[in-house]
Every structure is written in C-alpha cells, then in structure tokens.
Amino acid sequence: SAKEQGRNAYCLFEPSMNRGAHEELALTQDLRRALGHDEFSLHYQPKLRAPAGPLTGVEALLRWHHPEQGMVMPDRFIPLAEKTGLILEIGRWVINEACRQLAQWRAQGIEIPSVSVNLSATQFRSPGLFGKISTALSAHAVPASSLVLEITESTAMHDPEASLAILQRLADLGVGISIDDFGTGYSSLLYLKRLPASELKIDRAFVRDLVAGGEDAAIVSAIIALGRTLNLTVIAEGVETEAQQHLLTELGCTSLQGFHLGRPCPPTEFAARLA
Ligand code: C2E
Ligand code: MG
Ligand code: MG
Ligand code: MG
C-alpha cells in the first residue's frame, strides 16, 4: 500500500536526512561564531577587457576558513546565512572589507578600476543596505563609482517593481549595478529596459559548451545584442579555455572573467600577479 511504501521510504531516507540536517545545524552554529572569530576572507578574481586586458575590475568572492573543515565555499554556507538572516551581518563585513582592500591597493599605487560585490536576495531587499554601502564608502574614502553590486537576474526579476525602486536608489548613490548569472532567470525585457544597470553578466552555463555556430553561441550573441541596445557592458563568466576566450571576443563580448584569465585568489597574491 501507499502507506507501506511511505514507511519504507521513511526507513530508507530518514538516517541520511538526519545526518544532513545535523550537519547543517552544526555548520549554522559555527557560522554564527565565524564573524567574531575572523574566519572570513575575500578572494579576488580579475575582470578583463576582451580579449586579454586591461583589467576593468575585480570581483570579491567570500571564503570561510572553518577551524576543522578548512576552506568552505559560498555555495555551501550562503544559503544557510540567508536562511538564518546572518547574511546581513556577513554582507556588511563583505562590503566594508572590499572597500577597505580597494583603498589599500590604491594607496599602494595599484590601479584597480572597480571592485564588485555579490548581494543575495535578502541583502538586496533589506532596508539597511543603503546605509551600509554609504558607510563603507565614506569610511575608506572610496568613490561610489568604484563599487559595483552584483545581483542575480532571478533576484532582480523576482518582484520587478520593488527591485526597480531599490536599484534606482543604489544608482542614485552612484554605484554600478551588474545583473549576474544572466540568461538563467526570466527577464521581462520591459523591466530590463528600465533597470539602471551598468553590466550584464552572461551565466557560465552558456560559456561551458560554447562552439562556433552552436546554440549557445546564438544565445550569447542575442545577449550581447541586447546589451548593446540597452547600452550595457556585457561580460562572460566561466571562461576556462582559449577557444572560449576567442569566440566570445569574436561574438562581441566586451569583458571576460574565468579561470583561463585568472583564478580567484587572496589579495596579496592578486597584487603580486598584477606586478
Ligand atoms: P557568482 O557571483 O556567479 O561567482 C562566480 C563563481 O564562479 C565563483 O564561485 C567563482 O570562483 C567561480 N568561477 C570563476 N571563474 C570560473 C571558471 O572559469 N570556471 C568555473 N567552473 N567557475 C568559475 P564561488 O566563489 O564559489 O562563489 C559562488 C557563488 O556564491 C557566487 O556566484 C555568488 O553567487 C555567491 N557569493 C560569493 N561571494 C559572495 C558574497 O560575498 N556574498 C554573497 N551574498 N554571495 C556570494
Ligand atoms: Mg558574481
Ligand atoms: Mg555569476
Ligand atoms: Mg552564480
């Protein structure tokens, strides 16, 4: 019977679900202490004008150095931080640290045009966001135009009218707006036209299997044409090969980012690579 099947399924899956839930709970508890214990750092990945430079900016990517587990990647802990609301405090740290690092580089004579910071949905919709950004900018005397905020297409299109209002306030501050993971959400072109964005970032799903004349190449071309029409910089993420680098450039992509052009790394290593 269905009931029996249900019971079987329960017996089969309960132990592993339990373990998963347990791990998640333990990790969440560790996450609560991570900020106070200085366990976060930012890695930086270059964004280059196609095909091979100069540098147009860097993206800051959060890393968690867990005392027992070593480096934990954001895909594992950002969802927990979102669920618990911890993302707001962590996000404040990220914005401030990215501005601090940019100011430090500039004081050392290292030319970095801009730093991009990722915002998750909760951060984007939190009323404290504008204050956190202006506080970080002024604390480190970083001009607003040197900061770019990356929000995913899905976040931007979730409640387009509300997003539009938030993005307008951010644009009024003078920061750049990048629409991340573009092509995987469901954009209303009507709203996209009205968004005060400066950059579209093509999701790496379209770059991974890119070949000349293929379906992904057609999609990439369409996104590039859209970006041109709307006067936006179009950057491709996840560029892992020279072939992708060349094809994206040929298709008219303005900027590139990916392991082939530079892996994310700690700030000292980043500066050493630039020199
Ligand atoms: P994202 O913003 O789309 O960042 C790009 C991700 O792709 C990064 O993973 C980056 O290391 C990785 N990547 C870069 N080049 C390549 C490549 O050539 N090939 C492949 N396979 N991957 C590449 P990461 O650092 O693990 O971050 C994953 C996601 O976590 C980010 O996606 C972003 O959504 C989120 N995230 C990272 N840092 C933060 C943060 O400070 N705050 C928030 N809210 N989210 C963050
Ligand atoms: Mg990003
Ligand atoms: Mg992305
Ligand atoms: Mg992503």
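**Two magnesium ions and a ligand pocket**

The magnesium ion (ligand 2) has four entries in its list of protein donors: E59 (OE), N118 (OD1), E150 (OE) and D180 (OD). These donors lie 2.0 to 2.3 Å from the ion. The model is predicted. Along the chain, the donors of ligand 2 follow the spacing E-x58-N-x31-E-x29-D. N118 belongs to strand 4 (residues 115–118), and E150 to strand 5 (residues 147–152). The pair therefore ties together parts of the chain that are 32 residues apart in sequence.

The magnesium ion (ligand 3) has its own set of protein donors. These are D180 (OD), D181 (OD), E237 (OE) and E237 (OE). They lie 2.2 to 2.6 Å from the ion. E237 thus appears twice in the list, each time through an OE atom. The spacing of the donors along the chain is D-D-x55-E. D180 lies in strand 6, whereas E237 lies in the loop between strand 8 (233–236) and helix 11 (242–251). Parts that are 57 residues apart in sequence are therefore tied together by D180 and E237.

The two metal sites are linked. D180 coordinates both the magnesium ion (ligand 2) and the magnesium ion (ligand 3). The two ions are 4.1 Å apart.

Attention now turns to ligand 1. Ligand 1 sits in the largest pocket. Two or more residues of the shell around ligand 1 come from each of strand 2 (55–66), helix 2 (74–84) and strand 6 (176–182). Strand 2 gives the largest share, with four residues. The shell is mixed in character: 10 of its residues are nonpolar, six are polar and eight are charged. Of the 24 residues around ligand 1, those that come nearest are R63, N118, R204, E240 and F259. One of them, N118, is also a donor of the magnesium ion (ligand 2).

Several polar atoms of the protein face atoms of ligand 1. At L62, a polar backbone atom is 3.1 Å from a nitrogen atom of the ligand. At Q123, a polar side-chain atom lies 3.0 Å from a nitrogen atom of ligand 1. D181 contributes through its side chain, where an N or O atom is 3.2 Å from an oxygen atom of ligand 1. The protein covers 86% of the accessible area of ligand 1, which is 810 Å² for the ligand on its own. D181 also serves as a donor of the magnesium ion (ligand 3).

The backbone has some further local features. A50 and P51 are joined by a cis peptide bond, with omega at about 5°. P51 is placed in the loop between strand 1 (40–49) and strand 2. Another cis peptide bond runs from G53 to P54, and its omega is near 10°. P54 is likewise found in the loop between strand 1 and strand 2. D38 is not a glycine, yet its phi is positive, at about 65°. D38 lies in the loop between helix 1 (2–34) and strand 1.

Notes: Residues are numbered from 1 along each chain as its sequence is written. Chains are lettered from A and ligands numbered from 1 in the order in which they are written. This is a predicted model: local features need pLDDT of at least 70, side-chain atom pairs count only at pLDDT 80 or more; totals for chains, interfaces and linings use all residues. Side-chain values use heavy atoms; hydrogens and water are left out. A residue is near a molecule or strand if one of its heavy atoms lies within 4 Å of it. A polar contact is a pair of N or O atoms within 3.5 Å; within protein, one must be able to donate a hydrogen and the other to accept it, and residues adjacent in sequence count only if both atoms are side-chain atoms. Accessible areas come from the Shrake-Rupley method with a 1.4 Å probe; for residues, only the protein chains shown count as cover. On a 1 Å grid over the protein atoms alone, a cavity is a set of points where a 1.4 Å probe fits but cannot get out, and a pocket is an open set with protein on both sides within 12 Å along at least five of seven lines; lining residues have an atom within 4 Å of a point. A molecule sits in a cavity or pocket if more than half of its atoms lie within 2 Å of its grid points. Ala, Val, Leu, Ile, Met, Phe, Trp, Tyr, Cys and Pro count as nonpolar, Asp, Glu, Lys and Arg as charged, and the others, Gly among them, as polar. Donors are N, O and S atoms within 2.8 Å of the metal (3.2 Å for Na, K and Ca); water is not among the atoms, so sites may look incomplete.
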